[in-house]
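Here are a few exercises to work through with the model open beside you. Try each task on your own before reading its solution.

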Amino acid sequence: MTDIVDEQTRSYVMSRVRSTQNKSTELKLISIFKELNIKGWRRGSKLKGKPDFIFPKNKIAIFVDGCFWHGHECRKSIPQTNIDYWMTKIAKNKLRDSEVSQYLQNKKWNVIRIWECELKKKHREILYQKLQPLITQL
Ligand SMILES: [Zn+2]
């Protein structure tokens, strides 16, 4: 099978998805931290897998995973061209996610993974549940 999407188009699409997703999701989560009076978070961690937020005192690492890139089942929209490419890419991400979680857990980190879609208001209860360790420990 030949590639329909050329390399340039592909990296353009990827960078666009990635950059818009990252900024807005992180900001949303920060405002939720404020809402819940959760303090002590740090960004830009050098830990394996580069968690989006860490709480060094409590050894809690938070990842916000984009539903598309990390294969959340809420998201059915795979681009119609180059399906093999996207599927492989997403499968690799999923595998890496679980390896990273395992690694950090072995180092006694408590890993919290939040789906991008869970930042929506209608899923607030799921989110609060996931953030529970932070609300009770801090
Ligand atoms: Zn999702």
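**Exercise 1. Place Asn-37 in the fold and decide whether it is buried or exposed.**

Start with the location: Asn-37 sits in the loop between helix 1 (7-35) and strand 1 (53-55). Keep in mind that this is a predicted model. Next, count C-beta neighbours: Asn-37 has 9 inside 10 Å, and therefore counts as exposed, since the cut-off for that class is 12 or fewer. Now turn to the backbone, where Asn-37 shows a positive phi of about 60 degrees although it is not a glycine. As a rule, most residues other than glycine have a negative phi. Finally, look across the chain: the C-alpha atom of Asn-37 is separated by 9.7 Å from that of Leu-134, and the two residues are 97 apart along the chain.

**Exercise 2. Write down the order of helices and strands along the protein chain.**

First take stock of the elements: the protein chain has three helices and three strands. Then read from the start of the sequence, which gives the pattern α-β-β-α-β-α. For the contacts, consider pairs of residues at least 6 apart in sequence: 59% of these join residues at least 24 apart. As for burial, 14% of the 138 residues count as buried.

**Exercise 3. Work out the strand order of the sheet and name its edge strands.**

The three strands make an open sheet with the order 1-2-3, and their pairing is mixed. Strand 1 and strand 3 are the edges, as each pairs on one side only. From one strand to the next, the twist averages 20 degrees. Look now at strand 2 and strand 3: they run parallel and are joined by six bridges. Asp-65, for instance, has Trp-115 in strand 3 as its bridge partner.

One more stop is the loop between strand 1 and strand 2, where you will find Lys-59. Its phi is near 50 degrees, a positive value in a residue other than glycine. With 13 C-beta neighbours inside 10 Å, Lys-59 counts as partly exposed.

**Exercise 4. Find the largest nonpolar core and say which strand gives the most to it.**

The largest nonpolar core has 13 residues. Those with the most contacts inside it are Ile-54, Phe-55, Ile-60, Ala-61, Ile-62, Val-64 and Ile-114. Sort the core by strand: strand 1, strand 2 (60-65) and strand 3 (110-115) each supply at least two residues, and strand 2 gives the most, with four.

To finish, zoom in on Val-64 and leave aside its neighbours within four places in sequence. The contacts of Val-64 are then Thr-25, Glu-26, Leu-29, Asp-52, Ile-114 and Glu-116.

**Exercise 5. Describe the span of helix 2 and explain why it lies largely in the open.**

Begin with the span: helix 2 (residues 83-106) has 24 residues and reaches 35 Å from its first C-alpha to its last. That is close to the 34 Å expected at 1.5 Å a residue. For its setting, note that helix 2 lies across strand 2 and strand 3, and runs at about 150 degrees to strand 3. Now check burial: of its 24 residues, the number buried is one, so helix 2 lies largely in the open. Last, step just past helix 2 to Lys-108, which takes a positive phi of about 70 degrees.

Terms used
Residues numbered from 1 in each chain as written. Predicted model: local features only at pLDDT ≥ 70, side-chain atom pairs only at ≥ 80, totals over all residues. Expected span 1.5 Å × (residues − 1). Buried ≥ 20, exposed ≤ 12 C-beta atoms within 10 Å, placed from the backbone. Core = buried A, V, L, I, M, F, W, Y, C linked by C-beta atoms within 7 Å. Contact = placed C-beta atoms within 7 Å. Pairing = 2+ DSSP bridges. Axes fitted to C-alpha atoms, helices over the stretch in contact; angles between N-to-C directions.
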